[in-house]
Amino acid sequence: PGATGARAAAGAVVASSPRAAAEGASVVLACVRDDEAARAVWLDDERGAVQGLAAGALAIDSSTLTPDTVRELDAALREAGARFVEAPVVGSRPQAEARALVHLVGAREADFAAAQPVLARLGKAAHHLGAPGDGAVMKLAVNAYFATQAAALGELLGFAARAGGGAERAAEVLGGLPITSPALAGLAGLVVKGAYAPLFPVSLVEKDLGYALSAAEGVGSPLPTTAGARRAIRSAIAAGAGAQNIQGVARQFLP
């Protein structure tokens, strides 16, 4: 409840539960940590938003979830008479504040169209990937792609620090090469500065990689590189970096 103080001061109405928040709303949007939290917010028998949603209301979930949980939410919310849209986001706090998030949407065509005005207020693009669950697959792929790059960056900066011209010089050179994305160049700069303030914490990266590996196993698609990145992420957590931003994976490799 303490987190709602500034919002209430700005004029928001604070509800005592997801159910109370959903009552009378035409659109309900949730963005929480994981599968368990999403089920609690939407489906709890007493406090869940499903208990308060009106028939035809639009339920949008922007959490990073497993495809199976997204499909579970879709079935339960549709049974309750609501329309469901999964819209996990690419981007973090700076993109949210700038309304520059990218939504990866899984929804029926009509529901996607109904959600467009809401998503347009929050982000710069909304990609319709297909049915509910398809957005989750793409989001997990995006996060795994970023995490594998972050883990590789960390170990290679450590290599350069010990055997070459140093981590700072390596980060500078890598950042100017076409093989390095702007996001990765940004991480490299933060590593050499020793800046690890969390936006996408290492602990959440580990959760997302676990979700990706589980979903991939379910369809018989091996992800050996992702599995390797998860081992590096888990090692970083064991070393105390779980609450640090994703570049915290690099600290274990640096001298």
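**Exercise 1. In this predicted model, decide whether glutamine 244 is buried or exposed, and find which residues it touches.**

Solution. Start by locating glutamine 244: the residue sits in the segment that comes after helix H11 (224–238). Next, take its relative accessibility, which is 16%. Buried means under 20%, so glutamine 244 counts as buried. Finally, look around the residue. Leaving out residues up to four places away in sequence, glutamine 244 touches Tyr196, Pro198, Phe200, Pro201, Val202 and Arg251.

**Exercise 2. Work out what span helix H6 (residues 109–122) should have, and where the helix bends.**

Solution. Begin with the length. H6 has 14 residues, and at 1.5 Å a residue these should span 20 Å. Now compare the model: the end C-alpha atoms are 20 Å apart, which agrees. Then follow the helix to glutamine 116, where H6 bends by about 45°. Proline 117 follows within four residues.

To finish, turn to the buried side chains and their surroundings. Asp111, Phe112, Ala115 and Leu119 are buried in H6. Their cover includes H4 as well as strands E2 (58–61), E3 (83–86), E5 (101–106) and E6 (123–130).

**Exercise 3. Describe the lining of the second largest pocket.**

Solution. First note the volume of this pocket, about 350 Å³. Then go to the lining: of its 18 residues, Pro67, Val137, Ala212, Ala215 and Ala216 lie nearest the centre. Sort the lining by class, and you get eleven nonpolar, five polar and two charged residues. Last, trace the helices involved. H4 (67–79), H7 (134–163) and H10 (202–218) each supply at least two lining residues, and H10 gives the most, with six.

Methods:
Residues numbered from 1 in each chain as written. Predicted model: local features only at pLDDT ≥ 70, side-chain atom pairs only at ≥ 80, totals over all residues. Heavy atoms only, no water. 1 Å grid on protein atoms, 1.4 Å probe; cavity = no way out; pocket = protein on both sides within 12 Å on 5 of 7 lines; lining within 4 Å. Points joined across faces, edges and corners; volume = space filled by probe spheres on them. Nonpolar A, V, L, I, M, F, W, Y, C, P; charged D, E, K, R; others polar. Expected span 1.5 Å × (residues − 1). Bend = angle between axes of the 7 residues up to and from the residue. Buried < 20%, exposed > 50% of the residue type's maximum accessible area, 1.4 Å probe, protein only. Contact = heavy atoms within 4.5 Å.
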